[in-house]
Amino acid sequence: MSEQVKNLINGKWQAPADKKARKYVRNDPGNGEEVSWYLMSGVEDVNAAVAAAKAAFPAWRDTPQPKRGEIIYACAEIAKKRKEDIAQLMTREMGKPIAEARGDVQEAIDMGYYIAAEGRRAWGHQIPSELPNKRMYTMRQPLGVCGLITPWNFPVAIPTWKTYPALLMGNTVVFKPAGETSLLGQKFAEILIEAGVPAGVFNMVVGSGSVIGDALVNHPDIRMISFTGSTETGLGIAAKCAPQNKRVSLEMGGKNPVVIMDDADLELALHAVLWCAYGTTGQRCTACSRVIVHEKVHDKFLKMLVEGAKKLKVGHGSKPDSFLGAVVNEKQLKSIHGYVEIGIKEGAKLECGGAPLTKGEHAKGHFYPPTVFSGVTSKMRIFKEEIFGPVLAVIKAKSYEDAIALANDTEYGLSTSFFSRDVNLCHRASLELESGLCYINAGTTGAEVSTPFGGWKNTGNGHREGGPTVIEAFSDIKTVICDYSGKVQRAQIDNN
Ligand code: UN1
């Protein structure tokens with residue numbers, strides 16, 4: 001049964017103000033069945049949501065932080081009870097295999113408990129003054145109304161990465177879920193309301209990125225935008241935020257490498273690569289899309305990889321043995337295949353996969369098999385550009401130095417991975433790889449909620465999600481200076 005998604009504005013579920021709004025229908029990418037629909041919202045709906053969030057801000061800001069944390073804890077408790085239902089819906093709404101969908105919801109639960117606990121942490125510093133009878137300290141305060149724009153690939157986890165810290169710090173929120181996963185956005189919003197988030201503190205508007213996202217970015221009462229998605233869109237948002245001096249936290253593309261040295265445990269590296277390249281059908285910003293292998297083990301590893309990739313099952317996410325579920329939509333499927341054609345034209349060798357699956361159980365969905373290219377060089381587009389699909393480029397490296405140079409030869413810098421049994425080399429690689437996350441003897445995916453998450457170069461803009469660092473993104477510092485000496489004390493003058 002297909003469910004209608006509505007906007008949540010000031011605690012009320014409502015259809016867009018425009019009665020003639022266009023309808024968007026979302027089908028299961030694995031079998032074409034209708035899952036959800038909504039009417040496309042407009043700028044006036046965003047304005048109403050921002051007004052509600054602005055009005056709700058003072059009371060929420062003044063609610064004690066541990067109390068706000070307790071409400072987030074209650075969200076985690078509710079999500080825990082609904083884990084299976086939400087995971088089943090996720091598999092239908094965006095295609096990821098059921099085990100991964102459960103993991104996505106689990107990540108959201110973990111984030112709830114983690115952020116709730118952060119609610120009792122002391123954030124400020126007591127700073128010794130150079131002058132007598134003077135006290136100085138810092139505290140963190142909320143920014144105001146935050147606009148949160150999230151992707152479809154982690155449709156429950158990523159909204160929690162942004163919403164929970166934003167709310168914990170006393171901000172209010174207007175949330176725009178990805179169009180493809182708006183019903184999951186609604187399920188998330190329902191949890192917040194049930195847990196006791198007051199009306200207007202959290203609002204949701206569904207619609208297109210170009211209309212709703214833009215309206216949020218341009219709205220003068222939005223003080224901060226947090227965005228996860230493509231580098232192209234993210235940089236566009238940053239450009240629009242700059243003249244408004246609006247804070248923007250960006251989590252964008254990746255071209256994440258796994259480096260495999262000649263002394264690596266190849267069996268371990270193989271399973272890590274299969275999981276981080278083909279899990280979520282390669283649709284993670286942390287997915288591995290380049291494997292850089294030392295020439296001494298290159299041919300052996302390539303053979304293992306191709307054999308392993310061919311064995312992975314592609315099917316509807318609800319089947320427990322599907323390793324790769326459907327690709328999110330037809331546009332994405334075409335884009336993935338377009339890159340495969342580019343790779344062939346550029347002279348890379350297609351080892352396996354390389355064409356959409358269209359027969360039998362795959363006939364009604366958007367399926368692409370695990371694809372491996374060998375003989376890839378740093379000049380090729382399949383080496384440089386984010387594909388966001390199950391396409392892996394294998395590159396031969398002459399030495400450690402060559403491997404690191406190849407790994408760093410990218411505009412992106414989210415996640416890197418290094419396999420070797422040499423502890424000294426592992427430490428050296430962790431310094432020399434250019435990325436926000438660096439995994440040693442593990443694949444490029446699977447960050448935990450308590451670790452700072454984000455990328456260097458064109459992947460990010462210095463903010464971090466996850467870990468205590470996310471608190472910094474969603475708050476500002478105030479330094480309080482209290483002089484109780486009863487006289488004017490001139491800093492740097494009277495104490496010298
Ligand atoms: C993403 O792909 O946008 O580290 C996020 C991971 C997951 C999150 C991925 N915990 O792979």
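## Exercises on strands and helices

Gln126 stands opposite Tyr137, a residue of strand β7. The model is predicted. Work through the tasks in order.

**Exercise 1. Place the strands of a sheet.**
In what order do the 3 strands of the open sheet lie, and which are the edge strands?

*Solution.*
- Start from the pair above: Gln126 faces Tyr137 of β7.
- β6 and β7 (residues 134–142) are joined by 2 bridges. The two strands run antiparallel.
- Now take the whole open sheet. Its order is β6-β7-β22, and the pairing is antiparallel.
- The edges are β6 (126–127) and β22 (475–483), since each of them is paired on one side only.

**Exercise 2. Describe the packing of two helices.**
At roughly what angle do the axes of α7 and α8 cross, and which residues meet?

*Solution.*
- Two numbers are needed. A packed pair of helices is described by the angle and the distance between the axes.
- Helix α7 covers residues 209–218 and helix α8 covers residues 231–241. Their axes come within 9 Å and cross at roughly 30°.
- Apply the cut-off: angles under 35 degrees count as roughly parallel. So α7 and α8 are roughly parallel to each other.
- The handedness of this crossing of α7 and α8 is right-handed.
- Next, the contact. From α7 come Asp214, Val217 and Asn218; from α8 come Ile237, Lys240 and Cys241.
- Sort the contact of α7 with α8 by class: 3 residues are nonpolar, 1 is polar and 2 are charged.

**Exercise 3. Judge the surroundings of a strand.**
How many residues of strand β9 are buried, and which ones point one way?

*Solution.*
- Buried means under 20% relative accessible area.
- In β9 (residues 172–176), 5 of the 5 residues are buried, so this strand is largely enclosed by the rest of the structure.
- Side chains of a regular strand alternate between the two faces of the sheet.
- In β9, Thr172, Val174 and Lys176 point one way. Val173 and Phe175 point the other way.
- Look for a partner strand. β8 (residues 145–149) is joined to β9 by 5 bridges, and the two run parallel.
- One bridge pairs Leu148 with Phe175 in β9.

**Exercise 4. Locate one residue.**
Where is Asp110 found, and how far in space is Asp110 from Arg22?

*Solution.*
- Asp110 belongs to helix α4, which covers residues 98–118.
- Its relative accessibility is 32%, so Asp110 counts as partly exposed.
- In sequence, Asp110 and Arg22 are 88 residues apart. In space they are 37 Å apart, C-alpha to C-alpha.

Key:
Residues numbered from 1 in each chain as written. Predicted model: local features only at pLDDT ≥ 70, side-chain atom pairs only at ≥ 80, totals over all residues. Heavy atoms only, no water. Pairing = 2+ DSSP bridges. Helix = DSSP H or I, 4+ residues; strand = E, 2+ residues; numbered from the N terminus. Axes fitted to C-alpha atoms, helices over the stretch in contact; angles between N-to-C directions. Parallel < 35°, antiparallel > 145°, perpendicular 65-115°, else oblique. Left-handed = near helix turned anticlockwise from the far one by under 90°. Contact = heavy atoms within 4.5 Å. Nonpolar A, V, L, I, M, F, W, Y, C, P; charged D, E, K, R; others polar. Buried < 20%, exposed > 50% of the residue type's maximum accessible area, 1.4 Å probe, protein only.
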